[in-house]
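This briefing introduces the structure to a reader who has not met it before. It proceeds by topic, from helices and cores to the sheet and individual residues.

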Amino acid sequence: MVFALGFVLFALGITISIALHECGHMWAAQSTGMKVRRYFIGFGPKIFSFRRGETEYGLKALPLGGFCDIAGMTALDELAPEDLDRAMYRQATWKRLVVMFGGIGMNFVLGFLLLVVLAIGWGLPRFDQPPATTIGAMKCVAQQNPDKSLADCQGTGPAQRAGMQRGDVVKAVNGVKVTTWQQFTAETQKQTGPFTYTIERDGQTKTIEVTPERVTRYPEDGPGREVSAVGVGSEYYEPLKYNALAAIPAAGAYTGQMFVRTVESLAQLPQKVSALWTAVTGGERDPETPVSVYGASKIGGETAERGLWGVFILVLASLNFFLGAFNLVPLLPLDGGHIAVVLYEKIRNTVRGWKGLAPGGPVDYLKLLPVTYVAVVIGGAYMVLTLVADIVNPIQLFR
């Protein structure tokens, strides 16, 4: 029940984020004197609408986004004679850029506000996290009950007895390279007898032999299974909590860090195709691969189910930063594509002015259609691949 609630709440959060993105465009257009003909949440058949002033507001059946219809976004739009002077493509460059950046800015503002809430309520995670395979807690090995609770245990665990220490960074499990805690756990659990860890400690590489204990573990779905365990936990830094005043600059600094990481993730998207395909065809799912709306909502449900509402908010904030940064990509039909067109027209007309020529006409969007279609097809295929991966082989945050 809690999982379903978290799933629905996260999906609703995504819908609100997209709706506010479009609000950013709408409010910017209205404040600069342009005409907004329609603002709708969703696509498909219309459920209801109402008119306020010159704008029709409404809700459509498919909650898959939304749109803001600004008169004369391109020179191809059909316009009533009285709307010609208010057409977006005929406005000053700065006004058009304000409108295009309005939606992007809204996502960053929303992400920032979510981080402020997170900083006050749960604390901001540290960015100076150690490598993902850093050993944290050293503990005894506990059997797991069918209800997923852990039985009591005493003494030291196999890893501690073998000489492993908190802060050791595991590089390989029995010769198999690992870079994530999920990989470390999976490789450890499949061992059936004594094996070796290759670790890095104080700048030196060491090999430690460990004899695991066999325990029963119960996955999210399916019966219990016997696996090997060594009694370690992942490294964990407590989030830093702030009061209401200190939370604002802290969230601002965190926003800058997240923006950098989001841009880095965007640059790596083409490289993730093979990893997604591996996940779809039965291989292990890389936790660093992108997720669809369904996959993100599933993560939201899982975090809610475990009471990790701070993680829930952080993931939703991350999604808003991703939406904002993704829309900066200079390809149509994204906002970045329209921004690129506006800047091209401005530079072209400036150069023409230097030559004593009159400004050129609006860019012919028909000539850009082939490139737009290619971008849409590639982007659509990527989204389908991500969705399929999230259905057949979802990211497992909790094992």
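The expected span of a helix is 1.5 Å times one less than its number of residues. By that rule, helix H2, with 29 residues, reaches 42 Å from its first C-alpha to its last, close to the 42 Å expected. The model described here is predicted.

**Helix H2**

- Helix H2 comprises residues 93-121 and gives the most to the largest nonpolar core, with eleven residues.
- A kink of about 35 degrees occurs in H2, and its centre is Gly102.
- Gly123 follows H2 and has a positive phi, near 100 degrees.

**Nonpolar cores**

- The largest nonpolar core has 50 residues.
- The residues with the most contacts inside this core are Phe10, Met26, Tyr39, Ile70, Val99, Leu115 and Leu124.
- When neighbours within four places in sequence are left aside, Val99 is in contact with His25, Ala28, Ala29, Thr32, Met34, Ile70 and Met88.
- A second core, separate from the largest one, has 15 residues, including Met164, Val173, Phe184 and Ile199.

**The four-stranded sheet**

- Four strands make up an open sheet, arranged in the order E5-E4-E6-E7 with antiparallel pairing.
- Strand E5 (176-177) and strand E7 (204-210) are the edge strands, each of which pairs on one side only.
- Four bridges link strand E4 (residues 169-173) with strand E6 (residues 195-201) in the antiparallel sense.
- Val170 has Ile199 as its bridge partner in E6, and Ile199 is also one of the residues of the second core.
- Helix H4 (residues 181-189) lies across E4, E5 and E6, and it runs at about 45 degrees to E4.

**Loops of the sheet**

- The loop between E4 and E5 contains Asn174.
- Asn174 is a residue other than glycine with a positive phi, near 55 degrees.
- The relative accessible area of Asn174 is 41%, so this residue counts as partly exposed.
- Asp202 has its place in the loop between E6 and E7.
- The phi of Asp202 is likewise positive, near 55 degrees, in a residue other than glycine.
- With a relative accessible area of 77%, Asp202 is exposed.

**Helix H7**

- Helix H7 (residues 293-305) has 13 residues, which should span 18 Å at 1.5 Å a residue; the end C-alpha atoms are 18 Å apart, in agreement with that value.
- Ten of the 13 residues of H7 are buried, and therefore the helix is largely enclosed by the rest of the structure.
- Buried here means under 20% relative accessible area.
- The buried residues of H7 are Gly295, Ala296, Ser297, Lys298, Ile299, Gly300, Gly301, Glu302, Thr303 and Ala304.
- Helix H1 (2-31), helix H8 (309-326) and helix H10 (365-392) are among the elements that cover these buried residues.
- Gly307, just after H7, has a positive phi of about 75 degrees.

**A cis peptide bond**

- Leu332 and Pro333 are joined by a cis peptide bond, with omega at about 10 degrees.
- Pro333 is placed in the loop between H8 and helix H9 (335-354).

Note on methods: Residues numbered from 1 in each chain as written. Predicted model: local features only at pLDDT ≥ 70, side-chain atom pairs only at ≥ 80, totals over all residues. Heavy atoms only, no water. Pairing = 2+ DSSP bridges. Helix = DSSP H or I, 4+ residues; strand = E, 2+ residues; numbered from the N terminus. Contact = heavy atoms within 4.5 Å. Axes fitted to C-alpha atoms, helices over the stretch in contact; angles between N-to-C directions. Core = buried A, V, L, I, M, F, W, Y, C linked by side-chain atoms within 4.5 Å. Buried < 20%, exposed > 50% of the residue type's maximum accessible area, 1.4 Å probe, protein only. Bend = angle between axes of the 7 residues up to and from the residue.
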